[in-house]
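User: Please take a close look at one part of this model, the second largest pocket, and then follow the contacts and surfaces that share residues or elements with its lining. I would like one connected account.

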Amino acid sequence: MLPCVSCGGFAEKLLDIVMWFSSGGTKSVLHNDGSDNLNCLFRGTKELVMIDKNADYDGLIDNSGFSNMDVDKVDLKKYSDLLDMDWYKATLSAGDCMFIPHFWLHQVRSFNSNLAVNMWWTPLARFNRTSCKINKENAYLKASDYKFATYEVLRKQFIDAMPRRKNATKKGFKTILMRSDVGNINFANIFSTFDTDKDGMISLDEVHDLPYGTFSKLFPNWHYETEESDEVEQDRDEL
């Protein structure tokens, strides 16, 4: 993995790594991912079209984050929002990497014999600046040295649902858990484990700082669904 991944805490929130290869001529649908994504190209050429997550693009996609738009022949009557929407285009050559932030719409085309690797991370709730000092030699990281931290997705859901300016009550925290589809749980044990200062409330810091190993054991019935990342063409799959 790139040296920059060691800075901020990205490597510790790794979710998945996928290799894609084809003879070219493949394309994806317009879609977004709920995780941050780094696409590194080793062979061939790719073109990416991207739309900022802050754009009002709800009319372009369905509830799963995918669009039924024909990317080769866009119906601007059906998808008229595109007419007033800013978008970005990038061309990747072998040796290039593109960071795709979570929930940015993107569509990808591959040309010529193509080999690429995608890496996904849970979006950072906080940037860990101290970790940037560890990799002083700016060395590449071995993916085999890291484990997929899929429960960080669930932690991020909790963090996003937490009150911004006050702590969560016992009732409020239970509501957050239930909305996150955690399955059957021992709520009393979970609340006690998160409530490290024993004040009867759950703070944002307590959710953020609970060690990963402890966090993951609290929710044995929760399951992570991998990103449907997808350079797919009709009647043809890109592996």
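Analyst: In this predicted model, strand β3 makes the greatest contribution to the lining of the second largest pocket, giving 4 residues. The pocket itself has a volume of about 310 Å³, and of the 13 residues that line it, those closest to its centre are V49, V71, V74, W87 and Q107. Two elements, β3 and β6, each supply two or more residues to that lining. In chemical character the lining divides into 9 nonpolar residues, 1 polar residue and 3 charged residues.

One of the central residues, V74, also takes part in a feature of the surface: together with L76 and L83, V74 makes a nonpolar patch of about 260 Å². L83 is placed in the loop between β3 (36-51) and β4 (88-93). With a relative accessible area of 56%, L83 counts as exposed, because that value lies over the 50% cut-off.

The loop between β3 and β4 also holds D72, which takes part in two salt bridges described here. In one of them the side chain of D72 meets that of R109, with an N to O distance of 2.8 Å. This pair links distant parts of the chain, since R109 belongs to strand β6 (residues 105-121) while D72 lies in the loop, 37 residues apart. In the other, the side chains of D72 and K27 meet at 3.3 Å, N to O. Here too distant parts of the chain are linked, with K27 in strand β2 (residues 26-27) and a separation of 45 residues from D72. The three residues can also be described by their accessibility: D72 is partly exposed, with a relative accessible area of 48%, and R109 is likewise classed as partly exposed, at 22%, whereas K27 counts as buried because its 17% relative accessibility is under the 20% cut-off.

Strand β3, already met in the pocket lining, is joined to strand β4 by a further salt bridge. E47 pairs with K89, and the closest N and O atoms of the two are 3.7 Å apart. E47 lies in β3 and K89 in β4, so this contact ties together parts of the chain that are 42 residues apart in sequence. E47 is partly exposed, with a relative accessible area of 25%, while K89, at 53%, is exposed. As a general point, side chains of opposite charge can pair when their charged atoms come close.

The pairs described so far are among the 7 salt bridges that a search of the whole structure finds. Elsewhere, K13, E152 and R155 are linked in a network of salt bridges, and these three residues are also among those that line the second largest cavity. That cavity is one of 2 cavities of 30 Å³ or more in the structure, and its volume is about 40 Å³. Besides the three residues of the network, its lining includes T122, P123, A125, K156, I159 and H208. Helix α1 (residues 151-161) provides the largest share of this lining, with 4 residues. By character, the lining of the cavity divides into 3 nonpolar, 2 polar and 4 charged residues, while the lining of the second largest pocket holds 9 nonpolar, 1 polar and 3 charged.

How values were computed:
Residues are numbered from 1 along each chain as its sequence is written. This is a predicted model: local features need pLDDT of at least 70, side-chain atom pairs count only at pLDDT 80 or more; totals for chains, interfaces and linings use all residues. Side-chain values use heavy atoms; hydrogens and water are left out. On a 1 Å grid over the protein atoms alone, a cavity is a set of points where a 1.4 Å probe fits but cannot get out, and a pocket is an open set with protein on both sides within 12 Å along at least five of seven lines; lining residues have an atom within 4 Å of a point. Grid points are joined across faces, edges and corners, and a volume is the space filled by probe spheres set on the points. Ala, Val, Leu, Ile, Met, Phe, Trp, Tyr, Cys and Pro count as nonpolar, Asp, Glu, Lys and Arg as charged, and the others, Gly among them, as polar. Patches are made of residues with over 30% relative accessible area and no salt bridge: like charges are joined within 9 Å, nonpolar side chains (Val, Leu, Ile, Met, Phe, Trp, Tyr) within 5 Å. Accessible areas come from the Shrake-Rupley method with a 1.4 Å probe; for residues, only the protein chains shown count as cover. A salt bridge is a side-chain nitrogen of Lys or Arg within 4 Å of a carboxyl oxygen of Asp or Glu. Buried means under 20% relative accessible area, exposed over 50%, partly exposed in between (1.4 Å probe, protein chains only).
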